[in-house]
Amino acid sequence: MPSPALLLSRTHYGETSLVATVLSPRHGRVRLLAKGAYRSTSRFFGVLDAFHTLELDWRPAKGDGLALLTGGDWLRRRRAIPSHGVAYRAAWTVLETAKLVARDDLPEPHLFELAERALDELDAAAVRGDERGARLVRLAFDLRTLRSLGLAPALAHCAHCGRPAPPTRSAAETTLFAADQGGRLCRSCAGQLGPTANAPANVPSRLIEWTATLLASDVGRAGGTQPPGAASDRASLLALERLVDRFTAHHLDAGRKSLGAARTA
Ligand SMILES: [Zn+2]
């Protein structure tokens, strides 16, 4: 039975074939051999492209072999993404993250829906030329993915003792935040960290609040979120990216190549 799928990556296989790693809601991460896909006469030629929602059919793998792609078409195309550098790199990061966390041959309906939603928004941001929106959608996707894995940062309470954080009173206020401790820390818990622990960073409290807003909002609304109580300037967006990316990198325990490019954008 055909299944919707997102292409996560593809590699050459022999002269004219390729191996596609895809995410499907019912089967999670699947590796498919597309025989002769690089021949211009192949029915898979041009279909196996990133960012679109595909409809794929395959024969399951036998033993250690690869599943064999038997049919493929587009279900939903997102053609604007490659035309906008920031949206393009953000979309690759979404796919790279999905590839990193998806389980092989197990249902991943939530991750699939989240990735599709993010790609829809990145396509729309590319059409609008909305760089800021594209960057925020990507961060929201990462945060929501972490949350679905039970790895969301503690933002409204101390990651150690669970004590609720006091409300932010001024724009100059800072919060102690340590990615490797799971998020924000109260002064007392930060003071009890062992001598080998990394020192928590002093992060502007409004960035923590912005992160909480992103985590709570639908990926589709992420682009419209603002840092509370401050102008939405480039510097605070960069600081937000640094905060979320460090946390994500620590907890997903692997560097994502596409982020290097996203950062310099
Ligand atoms: Zn505490």
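Trainee: Which residues does T211 touch, leaving out those up to four places away in sequence?

Mentor: T211 touches L143, L155, L240, L243 and V244, with residues up to four places away in sequence not counted. A touch here means heavy atoms within 4.5 Å. Keep in mind that this is a predicted model.

Trainee: Where does T211 lie, and is T211 buried or exposed?

Mentor: Start with the cut-off: buried means under 20% relative accessible area. T211 has 2% relative accessibility, so T211 counts as buried. T211 lies in helix 5.

Trainee: How do I check the length of helix 5?

Mentor: Compare its span with a rise of 1.5 Å a residue. Helix 5 has 12 residues, so 16 Å is expected. Its end C-alpha atoms are 17 Å apart, which agrees.

Trainee: Which residues of helix 5 are buried, and what do they pack against?

Mentor: The buried ones are S205, L207, I208, W210, T211, L214 and L215. They pack against helix 3 (131–148) and helix 6. Strand 6 (174–178), strand 7 (183–185) and strand 8 (201–204) are also among their partners.

Trainee: What should I read at T225?

Mentor: Begin with its place. T225 sits in the loop between helix 5 (205–216) and helix 6 (234–252). Next, apply the burial cut-off, under 20%. T225 is at 8% relative accessibility, so T225 counts as buried.

Trainee: What does the side chain of T225 reach?

Mentor: The T225 side chain reaches the backbone oxygen of A222 at 2.8 Å. For a polar contact, the cut-off is 3.5 Å. Look at the wider touches too. Leaving out residues up to four places away in sequence, T225 touches R132, L136, W210, T213, L214 and S217. W210 and L214 are among the buried residues of helix 5.

Trainee: How does helix 6 begin and end?

Mentor: Look for a cap at the start. D233 caps the N-terminal end of helix 6. A side-chain oxygen of D233 lies 3.2 Å from the backbone nitrogen of A235. Then look just past the end. D253 comes just after helix 6 and takes a positive phi of about 60°.

Trainee: How far does helix 6 reach, and which of its residues are buried?

Mentor: Helix 6 has 19 residues and reaches 26 Å from its first C-alpha to its last. That is close to the 27 Å expected. Its buried residues are S236, L237, L240, E241, L243, V244, D245, F247, T248 and L252. Now go back to T211: L240, L243 and V244 are among the residues it touches.

Trainee: Where else is phi positive at a residue that is not a glycine?

Mentor: Take F51 and D105. F51 has a positive phi of about 80°. F51 is in the loop between strand 3 (28–34) and strand 4 (53–59). Its relative accessible area is 5%, so F51 is buried. D105 has a positive phi of about 55°. D105 lies in the loop between helix 1 (85–101) and helix 2. Exposed means over 50%. D105 has 57%, so D105 is exposed.

Trainee: How many residues does helix 1 have, and which are buried?

Mentor: Helix 1 has 17 residues and reaches 25 Å, close to the 24 Å expected. Its buried residues are V86, A87, A90, A91, T93, V94, L95, T97, A98 and V101.

Trainee: What about D120?

Mentor: D120 is in helix 2 (residues 109–128). With a relative accessible area of 21%, D120 is partly exposed. Leaving out residues up to four places away in sequence, D120 touches R76 and R78.

Trainee: What does the UniProt record place at residues 4–75?

Mentor: The unreviewed UniProt entry gives the feature "domain: DNA replication/recombination mediator RecO N-terminal" for that span. In the model, residues 4–75 are 0% helix and 57% strand. The end C-alpha atoms of the span lie 7 Å apart.

Trainee: How do I size up the whole protein?

Mentor: Count elements, then compare radii. The protein has seven helices and eight strands. With 265 residues, a compact globule would have a radius of gyration near 18 Å; the protein has 20 Å, which agrees. Its C-alpha trace spans about 65 × 40 × 30 Å along the principal axes. Of the 265 residues, 46% count as buried.

Definitions and conventions: Residues numbered from 1 in each chain as written. Predicted model: local features only at pLDDT ≥ 70, side-chain atom pairs only at ≥ 80, totals over all residues. Heavy atoms only, no water. Helix = DSSP H or I, 4+ residues; strand = E, 2+ residues; numbered from the N terminus. Buried < 20%, exposed > 50% of the residue type's maximum accessible area, 1.4 Å probe, protein only. Polar contact = N/O pair within 3.5 Å; in protein donor to acceptor, adjacent residues only side chain to side chain. UniProt positions renumbered as here; feature names shortened; annotations may be inferred. Rg over C-alpha atoms; globule rule 2.2 N^0.38 Å. Expected span 1.5 Å × (residues − 1).
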